[in-house]
Amino acid sequence: MAHRWTNDLTRADVTPKAAYLNRRQILAGTIGLGAIGLAGAARADTLEPNTLEEITSYNNYYEFGTGKTDPATNAHKLVTSPWSIKVDGMVDNPGDYALGDLLDGLTEEERIYRFRCVEAWSMVIPWNGIELADILNKVGVQSGAKYVAFETVVQPENMIGVQRRVLDFPYVEGLRLDEAMHPLTIMATGIYGEPIANQNGAPIRLVVPWKYGFKSIKSIVRITLTDEEPPISWNVANAREYGFYSNVNPTVDHPRWSQATERKIGGGLFASRQDTLMFNGYPEVASLYEGMDLTVNF
């Protein structure tokens, strides 16, 4: 299908695989969230790769614990096959779809995107995935639908974080329908041409590159079309710090640190901080928010 997006990134801009997977180990050596981050477009090819064990030992996936090594230690318990996604709400063809059936006939592409964490670090990642719009068009969006809600799998017997009630699980997220239908929004099934690891959101996750990373919900088992704004987990947990939109905006600080600059993973712990780009460097989405006060609708 024809795409309306353009990409100024190449493989030369991609955060090294070692750096991407090892980002949590790097961050563990910093003295605070305010010291983390850099601009997503800069080259990142100087970080010395770590061992495979180091690379896969640090991640964030609260369902498997809050420690940085917990997901890599525990996520092997996640059952990813068979996998199905419930599609319901305001759709023409609701149902419980096997993942392969839901994606059958749709075009998978590599998308090299900037990734910006709310914690003020960034990277460039080559995702493999399918435009969410293609999936939604396949199931048929009904007139009147305004939002898309997502839900992460809950496997209490396999997820120690669920047992400990770290958040109010299942983890939930949502987009406005026009955000979901934008060609930049994808459902990713791979990274670096390989299947996504369990601790990174296997077997399928959302990727919305102009929003902070926590919007890109992992291990999705439900997609719901609705006419009401859906709850999102971090907004429910702490509305003062996390809004529904969560667009990358250097002029709106997190209550506990600045979002004006960031450090890119792969640049080294002492790399110069660089300016954060509005919408993470994707100005083509600005028209989605015309007339909105993005300091209020943060």
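Let me start with a proline: P82 is found in the loop between α4, residues 70-74, and β1, and the peptide bond that leads into P82 from S81 is cis, with omega near 0°. Please keep in mind throughout that what we are looking at is a predicted model. There is a second cis bond, joining A202 and P203 with omega at about -5°, and P203 has its place in the loop between β8, residues 194-195, and β9, residues 205-207. I point these out because most peptide bonds are trans, just as most residues other than glycine have a negative phi.

That second point brings me to two residues with unusual backbone angles. A120 is not a glycine, and yet its phi is positive, at about 80°; A120 is found in the loop between β3, residues 109-116, and β4, residues 121-131, and with a relative accessibility of 0% A120 counts as buried. S246, also a residue other than glycine, has a positive phi near 55°, and S246 lies in the loop between α9, residues 233-237, and β11, residues 261-264. Its relative accessible area is 4%, so S246 is buried, given that the cut-off for this is under 20%.

Let me stay with A120 for a moment, and look at the strands on either side. β3 and β4 form a hairpin with four residues between them, and A120 belongs to the turn. The two strands run antiparallel and are joined by eight bridges, and if you want a particular pair to look for on the screen, the bridge partner of Y113 in β4 is I125. β3 itself is mostly covered, since seven of its eight residues are buried. Further along in strand β4 we find I130, which is buried with a relative accessible area of 4%. What does I130 touch, once its neighbours within four places in sequence are left aside? The contacts are L103, L106, T107, E108, I135, I186 and M187. M187 is worth a closer look, as I130 and M187 are 57 residues apart along the chain, while their C-alpha atoms are separated by 5.3 Å.

One of those contacts of I130, I135, takes us into helix α6, residues 132-139, where six of the eight residues are buried, so that the helix is largely enclosed by the rest of the structure. The buried residues there are L132, A133, D134, I135, L136 and V139. After α6 comes G140, with a positive phi near 85°.

Now to the sheet. This is an open sheet of five strands in the order β2-β1-β10-β5-β6, with mixed pairing. The edges are held by β2, residues 95-98, and β6, residues 172-176; each has a single partner strand, so one side of each is left without a neighbour in the sheet. Ignoring direction, neighbouring strands of this sheet are turned by 20° against each other on average. Within the sheet, β1, residues 84-89, and β10, residues 220-226, pair in the parallel sense over four bridges, and D88 stands opposite T224 in β10. Strand β5, residues 147-152, runs antiparallel to β6, with five bridges joining them, and Y147 has R176 as its bridge partner in β6.

Is the edge strand β6 buried or exposed? Five of its five residues are buried, so β6 is largely enclosed by the rest of the structure. V172, G174 and R176 point one way and E173 and L175 the other, and all are buried.

Finally, the aromatic residues. The structure holds eleven aromatic pairs, among them Y62 and W234, which are edge-to-face, 5.8 Å centre to centre and with 75° between the planes. Y62 lies in the loop between α3, residues 52-55, and α4, whereas W234 is in helix α9, so this pair ties together parts that are 172 residues apart in sequence. Y62 counts as partly exposed, at 24% relative accessibility. Y147, which we met in β5, forms one aromatic cluster with F244, Y245, F279 and Y289. The ring of F244 in turn has the charged end of K215 sitting over it, 4.5 Å from its centre, and the charged end of R114 sits over the ring of Y282, 5.5 Å from the centre.

Key:
Residues are numbered from 1 along each chain as its sequence is written. This is a predicted model: local features need pLDDT of at least 70, side-chain atom pairs count only at pLDDT 80 or more; totals for chains, interfaces and linings use all residues. Side-chain values use heavy atoms; hydrogens and water are left out. Two strands pair if DSSP finds at least two bridges between them. Axes are lines fitted to C-alpha atoms, for helices over the stretch in contact, and angles run from 0 to 180 degrees between N-to-C directions. Buried means under 20% relative accessible area, exposed over 50%, partly exposed in between (1.4 Å probe, protein chains only). Contact means heavy atoms within 4.5 Å. Rings of Phe, Tyr and Trp (its six-membered ring) pair if their centres lie within 6.5 Å; planes under 30 degrees apart count as stacked, over 60 as edge-to-face and the rest as tilted. A charge sits over a ring if NZ of Lys or CZ of Arg is within 6 Å of the ring centre and within 35 degrees of the ring normal.
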